Amino acid sequence: MVLRCRRPIVRRQAFGSVEPYYCRPSAYVVSARECAQSLQLSRVQFIAHDARDADLSRGTVFYLYSPFKGSILADVLGALRRESMHRSIKICSLGPCTHRVSDETWLKTSEFSDTGSITVFNSL
């Protein structure tokens, strides 16, 4: 599952009203789906959804590519920690959020890398 925070894009309507709406699935998700299809991976699912509201109950591997930080990242990590109480999960992280993820005591990694490459964390 690829997690990112989808923020509403505000579109102005006639007569000055404002209507929030969400953009189409991200280019990352579209690209991931195409790659999975070309590799004939049938048990992989990529969902474009606000990470704070996503159903994480079926995921086993979560890829965080630094789409958010602060309280949003804390909320998502909290939800993932709760999921890890039911089954083992992996969190793959890329970018500046990797340092924050590495601070989580319920996760371990065999080797920590810099923010320029993917680090894989396993739940304890």
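These are my notebook entries from a first look around this structure.

**Entry 1: the overall picture**

I began by reminding myself that this is a predicted model. I then looked up the secondary structure and found three helices and seven strands in the protein chain. Reading from the N terminus, I wrote the order of elements down as β-β-β-α-β-α-β-α-β-β.

Next I checked how much of the chain is tucked away: of its 124 residues, 36% are buried. The accessible surface comes to about 8200 Å², and carbon and sulfur atoms hold 52% of that. I also looked at contacts with a separation of 6 or more, where residues 24 or more positions apart account for 54%.

**Entry 2: the largest nonpolar core**

Which residues touch the most other members of the largest nonpolar core? I found Leu64, Phe68, Leu80, Ile91 and Val101, out of 19 residues in that core. The elements giving two or more residues to this core are β4 (61-64), α2 (70-84) and α3 (97-102). Helix α2 gives the most, with six residues.

I stayed with isoleucine 91 for a moment. Leaving out residues up to four places away in sequence, Ile91 touches Phe62, Leu64, Leu77, Leu80, Val101, Trp106, Leu107, Thr119, Val120 and Phe121. Apart from the largest core lies another core, of five residues, including Ala32, Ala36, Phe46 and Ala48.

**Entry 3: along helix α2**

I followed α2 from end to end. The helix has 15 residues and spans 21 Å from its first C-alpha to its last, close to the 21 Å expected at 1.5 Å a residue. Its buried residues are Ile72, Leu73, Val76, Leu77, Gly78, Ala79, Leu80, Glu83 and Ser84.

Glutamate 83 caught my eye, so I asked why this residue of α2 counts as buried. Its relative accessibility is 17%, and buried means under 20%, so glutamate 83 falls on the buried side. Setting aside neighbours within four places in sequence, I found glutamate 83 in contact with Leu56 and Ser57.

**Entry 4: two cysteines**

Are cysteine 92 and cysteine 97 buried or exposed? Cysteine 92 counts as buried because its relative accessibility is 13%. Cysteine 97 is buried too, with a relative accessible area of 5%.

I also wanted to know how many disulfides a search of the whole structure finds. The count came back as zero.

Note on methods: Residues numbered from 1 in each chain as written. Predicted model: local features only at pLDDT ≥ 70, side-chain atom pairs only at ≥ 80, totals over all residues. Heavy atoms only, no water. Core = buried A, V, L, I, M, F, W, Y, C linked by side-chain atoms within 4.5 Å. Buried < 20%, exposed > 50% of the residue type's maximum accessible area, 1.4 Å probe, protein only. Helix = DSSP H or I, 4+ residues; strand = E, 2+ residues; numbered from the N terminus. Contact = heavy atoms within 4.5 Å. Expected span 1.5 Å × (residues − 1). Areas by Shrake-Rupley, 256 points an atom, 1.4 Å probe, with all protein chains shown as cover. Disulfide = S-S within 2.5 Å.
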